[in-house]
Every structure is written in C-alpha cells, then in structure tokens.
Amino acid sequence: MSTTTTGQDTLQKFIFDNAAVRGELIDISATWREVLSRHSYPAPVKKVLGQMTAAAALLSANLKFNGSIIMQIHGDGPVSLLVVECDAELRLRATAKLAPDAVVADDATLASLLNANGKGRFVITLDPLDKVPGQQPYQGIVPLDGNDVATVIENYMLRSEQLDTKLWLAADDNISRGLLLQKLPYHGGKAEATPLNEEEALETWNRAVILGSTLKEEELLSTGIDVLIQRLFWEETIRVFDPLHPQFHCSCTREKVGNMLKMLGREEVESVIAERGQVAVNCDFCGLHYEYDKVDCAQLFTSDAPVETLIPAGEAKH
C-alpha cells in the first residue's frame, strides 16, 4: 500500500567548498502531516516523533545503501516505542506506541516519555533490499544517551560510526524540519574531497557548528530551508546540490502481514481463529486493515514459501 503527499517536501544537500564539512537541510512537513493524519498523539510525542522523522531522512540521504534505515526508541515510560523507517528513495513512515495506562504531561521531556527508569534504548537498523542468503540486517543498539533526539543521534553516530555529527531538529503538529552537519572523515591523513590539512579542517568544522548553533527551534519551525541556508551560511562558500524530495509511503502488503502471522506460529493463529473466526490486523503505520479467515490462514501454513524477516512496529527485533 502506498500513499504519497500532495505537497512536496525538500531535502537540500550542500558542502562547504574546499572544506571538510557537508550538510543537509530538510523540510519534511507534508510527510509529517500525512503521518499525523493517521494517528492522534499528545503534543510532546508529536514533537519527538516528528524530530525523529526528519532525522531519519537526513541520515538516510547520506547512506550509500540500497535498503531501509529503521530508527527506533524503545522506552520504559509512557511511550513504549517510536519507529521511523526511511528507504533509499527517501520514502518514510512513522508510528508511536503508548503504554496502555500512559499519562503524558504537556511539558513531558524525552527522558520522562521514554527513559523514566533509565532503560530506554536507541536502535538503528540497516535492512538491505536485496539480501543474499543468510544475510541479516545490521543493527546497532545503545542506551538512550541524551536529553533530546538530536543529542541521542549525535552520541550514537560518534560512538558507533565514529562520525562527528551535529543535528538541529524541530517539529510540532504541522511542521518538521532539520539541519545536519557532518565532519568528513580522514583517510591516511586526508579528508575526503578536500585538500585541507587536519588543523584547517577542524577549524572549518568548528566554525560551521558555531553557525549552526545560532539556529533556534522557533526559527527552524517558522523559516523555510531556502531562507535558512542563506541566513546561516551567507559568509561561507558552499556548493548546493539538486534538491531531493522525500515523501510518505507505507510498504505494508497482505503478503508481508501474512508472513508476520507465520512468524507468530500456527498454534497462536489457530487459537485466534477459534475464538474470533478470523484474524484482523491493522498496520501500525498507515492504518490499513487486513483480514484472514480460516481458509486464508490454512493456506499460510501449507505454503512452502519462506517467511520474510520483518520488523513490525510493535514487535521489533532487538
């Protein structure tokens, strides 16, 4: 099932000319409104999930990878799970799961939402589109280290990928935008795509971060990215690339849901059939409804087709 936005979101890549810094600005507001049109979340949950949605697209755009990046926060507070998935074509979907008895204060923070007892976890999964036999998705799991989404991701990138990364993210119930800066890595004493020495490269990186740090959340929410790139870096020589256009897309299908049921096992599925006469499943991302009767389920378990590796929103592997 696929749904695209009526508006057009924009991700703008740029690089500091003759320097060791690359950047991206994104306005993903149309996609974000598509996500929210399918869910009703408290304002603090919208803020955190909206920031994650922008961040997932920013990270995905820098990956030379034919597959999907799945960003998850497993929480131990009122919010039990946040998931954003972005594929190589910058097609996104996102969802949140709240605890059954969740009470979310208007001023709830990331920590109080997802790390109330210090057991929150941040997970990034890279799931290749064309897996070779036996290949498993790459998955990195770290403690939820940071007071906001940007800091959590920065710490992950430094710890797991050894990449200096800075993020500025903002989201409400209408807008989702972000800025990413990355210090290009050195190989053999040279930075990628730049003749600068390491000291000059570090100076450029520090200056870029200082400029980025002048960007406040309210300014990010209220200002288009075409204006922001000029306002922030007007004194710098930057090279701007052709814009990319993220969009909302849900990849759920009847076949994938059937595979998920096969993963649950015949006994559990048959017990639901015996009790209710059918198995009904709603996609956590887009809300599409799937139904399987007794005959449908019998066919699932008589098929010799292999079960795909899935990471359902509510049953993520970790």
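## Cysteines without a bond

No disulfides are found here: the count comes to zero, and this holds for a predicted model. The case of C252 shows how the count arises, because the closest cysteine sulfur, which belongs to C286, is 3.6 Å away from the sulfur of C252 and therefore too far for a bond, given that a disulfide requires the two sulfur atoms to lie within 2.5 Å. C286 is likewise in no disulfide, and the cysteine sulfur nearest to that of C286, which is the sulfur of C250, lies at 3.6 Å.

With regard to solvent, C252 counts as buried at a relative accessibility of 7%, and C286, at 9%, also counts as buried. Both values fall in the class defined by a relative accessible area under 20%.

## The largest nonpolar core

In soluble globular proteins, nonpolar side chains tend to be buried together. In this model the largest nonpolar core has 70 residues, and the members that touch the most other members are M71, L82, L114, F122 and I153. Among the elements of secondary structure, α2 gives the most to this core, contributing 10 residues.

Where does the core lie with respect to domain 1 and domain 2? Domain 1 covers residues 10-248 and domain 2 covers residues 254-302, and because both of them give residues to the core, the core lies between them.

## The second largest pocket

The second largest pocket holds about 360 Å³ of space. Its lining is made up of 22 residues, and those that lie nearest the centre of the pocket are K47, Q51, D148, L169 and E217. Several elements give two or more residues each to this lining, namely the helices α2 (43-60), α3 (110-114), α4 (149-160) and α6 (217-222), together with the strand β8 (165-171).

By class, the lining of the second largest pocket comprises 12 nonpolar residues, six charged residues and four polar residues. Helix α2 thus appears in two settings, since it gives residues to the lining of this pocket and also gives the most to the largest nonpolar core.

## An enclosed cavity

Rolling a probe the size of a water molecule over the atoms shows where empty space is left. In this model, one cavity of 30 Å³ or more is counted, and the space in the largest cavity comes to about 30 Å³.

The residues that line the largest cavity are S60, L63, F65, G67, I69, D87 and A88. Sorted by class, this lining consists of four nonpolar residues, two polar residues and one charged residue.

## Positive phi angles in two loops

Although L90 is not a glycine, its phi is positive, at about 60°. L90 is placed in the loop that runs between β4 (79-87) and β5 (91-98), and with a relative accessibility of 5% L90 counts as buried.

Q162 is also a residue other than glycine with a positive phi, in this case near 55°. The loop that holds Q162 is the one between α4 and β8. Is Q162 buried or exposed? At 58% relative accessibility, Q162 counts as exposed, whereas L90 counts as buried.

## R121 in strand β6

R121 belongs to strand β6, which spans residues 121-128. At a relative accessibility of 33%, R121 counts as partly exposed. Along the chain R121 and L81 are 40 residues apart, while in space their C-alpha atoms are separated by 9.6 Å.

Conventions. Residues are numbered from 1 along each chain as its sequence is written. This is a predicted model: local features need pLDDT of at least 70, side-chain atom pairs count only at pLDDT 80 or more; totals for chains, interfaces and linings use all residues. Side-chain values use heavy atoms; hydrogens and water are left out. On a 1 Å grid over the protein atoms alone, a cavity is a set of points where a 1.4 Å probe fits but cannot get out, and a pocket is an open set with protein on both sides within 12 Å along at least five of seven lines; lining residues have an atom within 4 Å of a point. Grid points are joined across faces, edges and corners, and a volume is the space filled by probe spheres set on the points. Helices (H or I, at least four residues) and strands (E, at least two) are DSSP runs, numbered from the N terminus. Ala, Val, Leu, Ile, Met, Phe, Trp, Tyr, Cys and Pro count as nonpolar, Asp, Glu, Lys and Arg as charged, and the others, Gly among them, as polar. Buried means under 20% relative accessible area, exposed over 50%, partly exposed in between (1.4 Å probe, protein chains only). A nonpolar core is a set of buried Ala, Val, Leu, Ile, Met, Phe, Trp, Tyr and Cys residues joined through side-chain atoms within 4.5 Å. Domain bounds come from an automatic or database domain assignment.
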